[in-house]
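Work through the exercises below with the sequence and the structure open. Try each task before reading its solution.

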Amino acid sequence: MKEDTHLIMRPTEVNPEDYYVSGHRTCAGCGAALGYRLVLKAAGSNTVVLGPTGCMYVANAHQFLTSPYTVPWYHTQLGAGGPAGIGTAAAFRALIFKGKRKNEPVNVLVYGGDGGLADIGFSGLSMALSYDYEHLLYVMYDNESYANTGIQASSTTPFGSSTTFTPSGKVKPIGNERMKKNVALIAACHPGVKYVATASISHPLDLINKVRMALASGRPSFIHVLVPCPKGWIHPPEETIEIARLAVDTGMWVLWEYKEGSFSLSAKPTKRKDIKEYITKQGRFAHLRGNEEAIRYIQMMVDREWENWEEMDRTKKLIVPWVPSFQQ
Amino acid sequence: MKAAIKKQMWTGARAIAEAVRMADVDVIAAYPIRPYTGIMNALASMIAKGEFQAEYIVCDSEHSQFEAVKHASAVGARTFVGSSGTGLIYGTEAAIVTALGQLPVVGVVGCRALDDPGNFGMEWNDALLFRDVGWIMAWARDPQEALDMILAAYRTAEDPKVLLPHFIALDGAAITHVASPVLPPDKQHVEEFLPPYKPLHPLDPKSDSISKAMHVAPSLIGPEQRKVLDVAMKRAKNEVIPQAWKLWGDLTGRRYPAFMDAKDLADAECVLLTMGAYSKNLEYVVEKYRGKNIKLGSIRLRYFRPFPAEELKEAVKDTKAIGIVDFSYSLGSPSYGSILYNEVKAALYDMDTRPLIMDFIFAGGREMTIPDLDQATNLLIGAAKTGKNAERPVRWMTVRGEDI
Amino acid sequence: MVSSELEDLTWVAIHGRGVLNTAQASQIASVVSQAGVFAGRDASYYMRYDDSPERVQLPLIYYAVLGNPGIGIVLPEEVEPVGNIFDAVAVLDSSMLVHPTSQRALLLDGVKQESSLVVNTSLKADLVLKLVKKFNCAQDWDGKVVTVRCSKYHPNLVFGMIGALAKVLEDQIAFDDVVDSLEALGQKSDAIAAVKRSHKDAAPMRVSLRAEECDPYRLKSGLVERYRSICASNGGPWDRLKYMELKQRAAEAPTYELRVECMPRWEVLAPGLIEFNQKPGERNIGFKTSFARSFRPVQDPRLCINCKLCHIFCPDGAIDFDPISVDYDYCKGCGICSTVCGPKAITMVHELKALEDADEEEILTIRRALIEFAY
């Protein structure tokens with residue numbers, strides 16, 4: 001099977017075939033499901049997929065005789081996304097090298113959530129990025145929570161978001177007080193890594209192209225894709241794409257790629273929209289209404305970081321953005 | 001004569017590494033912890049020198065280690081892994097999923113006392129933690145047997161009637177770090193004994209497209225999936241393991257009884273029972289007591305899972321008393337006994353006449369000395385004289401302080 | 001599965017849309033069970049476990065049970081309770097009238113005779129009955145239908161529903177106990193007033209349905225024997241062919257019980273938790289998701305410019321690439337396609353209008369719902 005590596009410019013060039021097909025028990029408007037669909041369209045049918053536990057495991061089966069995958073697929077534990085990909089890629093390499101399998105490469109894709117890859121499986125992911133297996137891609141679908149267990153905070157839950165572990169109340173008006181961990185930036189800091197990118201389901205062609213570039217990069221790669229979640233972010237299901245787009249347009253989510261040591265932004269909003277436009281569309285931030293201090297802080301956080309992102313784009317080098325934490 | 005010349009002085013670590021090489025393993029995942037690390041060191045060295053080809057993954061933790069080989073096995077690679085003590089426990093989730101997903105991973109447990117506190121001494125609890133979930137578990141007596149068992153493990157695990165992962169447990173440093181004479185088998189014998197690993201449904205776009213381990217609703221399926229494992233374990237016990245050792249004996253001349261080894265059992269009134277390397281001490285004591293005309297015998301279990309209950313019942317049907325020399329503990333269990341003791345008791349429960357059973361717990365990693373064994377033996381003999389039920393059948397050995 | 005021999009239980013099933021109605025269904029169930037406790041009975045309430053985690057739009061059921069069922073109540077079990085046990089079936093979203101629940105059960109499965117169907121809708125009771133006959137009943141049923149236009153009574157549909165439920169259950173639960181339980185749960189006077197009004201206005205309509213009048217019944221009978229001939233008990237581990245036959249047959253089973261009967265024996269399972277995949281381009285015959293829809297996208301071909309954006313952005317992949325067309329077996333009605341369509345060629349139409357040309361005056365599925373904290 002020939003790998004599909006060509007980059008697309010128009011929606012009409014999208015691969016019409018799906019490898020994660022209709023017929024799964026995901027929420028109406030599920031961002032993670034759309035991410036899965038697009039990533040697999042990009043990777044093609046010559047792909048083995050490993051699925052850590054999460055929404056994209058439980059919601060995609062949940063019964064029996066109901067698999068929606070058409071490419072080889074294997075579950076893995078929540079914290080095991082990293083070694084699952086490595087073990088799979090190692091097996092193919094060993095079998096090919098020893099002549100037990102024909103020398104035809106295979107894409108290995110791990111599609112795991114932020115809970116799995118940024119928290120419990122973080123060290124496994126880090127190990128994976130230090131290796132040299134080709135055609136191995138880790139895509140972290142970031143719905144900014146542990147969604148399958150009912151929306152709990154993870155280390156990528158943004159400041160001010162409410163989850164069942166970080167509800168807002170009189171004593172804790174902010175909700176989640178931690179700041180969002182930038183996993184893609186940490187991934188990019190691994191020596192030898194050749195391709196790291198961020199993406200959003202609001203920019204599907206960009207996502208598809210990044211997946212293809214990652215798989216062809218020659219080393220384990222990482223893509224961090226933002227996927228709004230109507231249940232966890234509390235918005236009508238039809239607004240999923242609009243919210244993903246607003247994340248980019250307000251600058252709260254940054255689209256970039258890091259190719260062999262060179263950084264570039266993929267989208268540079270000429271004038272970033274006010275973050276209020278993003279926050280007011282989501283019920284998980286509803287408790288911030290009227291909390292001008294917190295909202296100002298979030299805007300400041302974005303503005304400060306963007307000074308760094310723009311500098312990175314100019315210099316093509318990674319800089320670690322730093323923002324002071326919220327003082328109440 | 002020739003055989004003696006061909007024997008090598010190998011540590012257990014080296015012997016096992018040689019077995020892994022002979023088995024043409026494809027993927028190895030390594031993470032260091034005493035005392036099993038030597039095996040991984042030996043393998044790394046062999047690979048670096050070109051003596052053997054395999055993917056060798058240095059992992060970030062034991063959890064990753066066991067996950068990596070599980071996934072490699074799903075693709076169709078022959079795999080090898082291992083750990084000890086608290087490290088093995090760190091990989092528990094991954095190890096359990098491997099068994100429940102029926103992947104024929106072969107691993108070594110260098111048995112080591114569990115933390116806390118840190119302790120390099122030998123206890124079986126680390127390996128025995130997995131006794132319920134579908135791993136086949138064999139205990140090797142010395143580096144020679146460890147080598148032979150590794151090869152038999154691949155054959156057993158990969159048999160389509162079985163497809164269960166397989167541990168070879170070693171009594172810690174007593175095997176990994178001690179060199180003894182080992183006769184490596186002929187390459188041709190190994191090839192006859194161990195066919196290549198060809199899973200029926202590998203995870204490969206070149207093969208039939210499959211989904212493995214989908215989430216299920218138990219009203220639809222659930223118990224059925226567990227039952228498959230139950231039957232696999234039974235097939236391992238009744239067909240695959242005995243056939244493997246018979247073939248091994250035919251090929252190499254090294255004949256092992258499949259499940260149980262015994263010494264002076266025939267007319268023994270009292271029997272000591274254990275697993276692994278310390279069986280040698282038991283045999284030493286048996287000889288000593290036989291020299292004094294005391295009818296003592298010993299049994300060594302080669303497999304803990306599947307547990308050889310039938311063989312054991314047959315072996316002790318005329319015995320008055322069995323003493324379990326147990327390097328485990330099972331706090332709060334019936335009679336406050338230990339794991340092997342509880343298993344033996346359960347195995348012998350439905351005999352019409354049962355021997356009396358005593359438990360000699362050697363927990364905490366302290367070496368068992370011959371005087372300790374003498375003490376245990378004397379307690380056993382004393383109990384046998386008095387009759388059916390021993391007073392205080394469970395004894396903590398080597399502990400300073402009162403055994404309350 | 002629960003035996004229907006447990007006579008002295010009062011059992012209420014509350015059907016809603018996942019996430020959007022979760023909190024409301026939970027509140028209704030808690031008030032009903034609390035009222036039972038004040039009446040001196042034992043009580044419990046819970047979401048049918050298989051509906052958790054709740055997913056947006058995917059149907060869920062809350063049960064409230066008064067009395068002591070003796071056994072570990074129906075538990076974490078996905079299987080519909082067996083036998084006729086429900087005294088009342090409440091439906092919070094009228095689009096659920098034209099779809100089965102997620103386990104292929106029907107809204108009226110398990111209803112006792114003389115039970116009530118309470119629906120949050122602006123439609124009249126006789127139209128509701130017509131829809132039930134067509135989509136959600138497969139048995140004889142003598143009972144009552146009550147329609148409640150919940151928005152009339154309170155922004156939160158809970159109070160309209162409780163008033164109506166209290167009316168139809170007045171033989172089992174005293175209205176005073178309902179009011180007491182509302183107060184005990186911290187509800188204020190406006191809520192209690194809403195419940196009282198809804199209780200007063202509730203006008204149960206007597207109905208008498210025969211199974212033969214109901215489409216689902218006609219569909220089912222004749223299929224039962226075919227499924228009884230066991231799906232897959234022949235011999236050893238399945239291969240792809242046997243697996244797909246089984247998958248197809250299980251998918252076609254008209255009831256959950258028949259589907260369970262199709263399930264393979266352990267001897268049939270391929271070792272290692274292996275299932276076989278369908279081919280790219282096919283959709284999942286094992287799990288159709290039309291039951292999730294409250295609205296459906298309707299495409300105007302005159303406006304469509306064939307840009308493919310709706311195909312790209314559908315999370316369920318339910319829109320074919322060429323020609324652009326919606327597969328209504330799988331569309332969940334999330335509405336994303338209509339928001340991304342540049343020329344606005346896609347309109348979202350309520351299921352009732354699309355199927356029955358019935359107009360729902362207000363669509364009351366609350367769009368910004370609370371996250372259910374009890375898990």
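The exercises deal with a sheet, domains, a chain contact, one residue and some backbone exceptions.

This is a predicted model, in which local features need pLDDT of at least 70 and side-chain atom pairs count only at pLDDT 80 or more, while totals for chains, interfaces and linings use all residues. Residues are numbered from 1 along each chain as its sequence is written, and chains are lettered from A and ligands numbered from 1 in the order in which they are written.

**Exercise 1. Describe the open sheet of chain C and find its edges.**

Step 1. Strands (E, at least two residues) and helices (H or I, at least four) are DSSP runs, numbered from the N terminus. Two strands pair if DSSP finds at least two bridges between them.

Step 2. The open sheet of chain C has seven strands with mixed pairing, in the order E2-E3-E1-E4-E5-E6-E7.

Step 3. E2 (43-47) and E7 (205-209) of chain C each have a single partner strand, so one side of each lacks a neighbour in the sheet.

Step 4. On average, neighbouring strands of this sheet are turned by 20° against each other, direction ignored; axes are lines fitted to C-alpha atoms, for helices over the stretch in contact, and angles run from 0 to 180 degrees between N-to-C directions.

Step 5. Inside the sheet, E1 (residues 10-17) and E4 (residues 86-91) of chain C run parallel and are joined by four bridges. C:Ile14 stands opposite C:Ala90 in E4(C).

Step 6. Helix H2 (residues 125-135) of chain C lies across E5 (111-120), E6 (141-148) and E7 of chain C, at about 125° to E6(C).

**Exercise 2. List the domains of chain C and describe the contact of domain 1 with domain 3.**

Step 1. Domain bounds come from an automatic or database domain assignment. For chain C they are 10-217 for domain 1, 222-268 for domain 2 and 294-356 for domain 3.

Step 2. The centres of domains 1 and 3 of chain C, taken over C-alpha atoms, are 32 Å apart.

Step 3. Residues are in contact if their C-beta atoms, placed from the backbone, lie within 7 Å. Domain 1 of chain C gives seven residues to the contact and domain 3 of chain C gives eight residues.

**Exercise 3. Which residues make up the contact of chain C with chain A?**

Step 1. Chain C contributes 50 residues and chain A contributes 46 residues.

Step 2. On the side of chain C, four residues come from H11(C), the largest share.

Step 3. That side has 24 nonpolar, twelve polar and 14 charged residues. Here Ala, Val, Leu, Ile, Met, Phe, Trp, Tyr, Cys and Pro count as nonpolar, Asp, Glu, Lys and Arg as charged, and the others, Gly among them, as polar.

**Exercise 4. Is A:Thr47 buried or exposed?**

Step 1. A residue is buried with 20 or more other C-beta atoms within 10 Å of its own, exposed with 12 or fewer, and partly exposed in between; C-beta atoms are placed from the backbone.

Step 2. A:Thr47 has 24 C-beta neighbours inside 10 Å, so A:Thr47 is buried.

Step 3. A:Thr47 belongs to strand E1 (residues 47-52) of chain A. Beyond four places in sequence, its contacts include A:Val71 and B:Pro205.

**Exercise 5. Find backbone exceptions in chain B.**

Step 1. Most residues other than glycine have a negative phi, and most peptide bonds are trans.

Step 2. The peptide bond from B:Asp115 to B:Asp116 is cis, with omega near -10°.

Step 3. B:Leu163, not a glycine, has a positive phi of about 55°. B:Leu163 is buried, with 25 other C-beta atoms within 10 Å.

Notes: Two residues are in contact if their C-beta atoms, placed from the backbone, lie within 7 Å.
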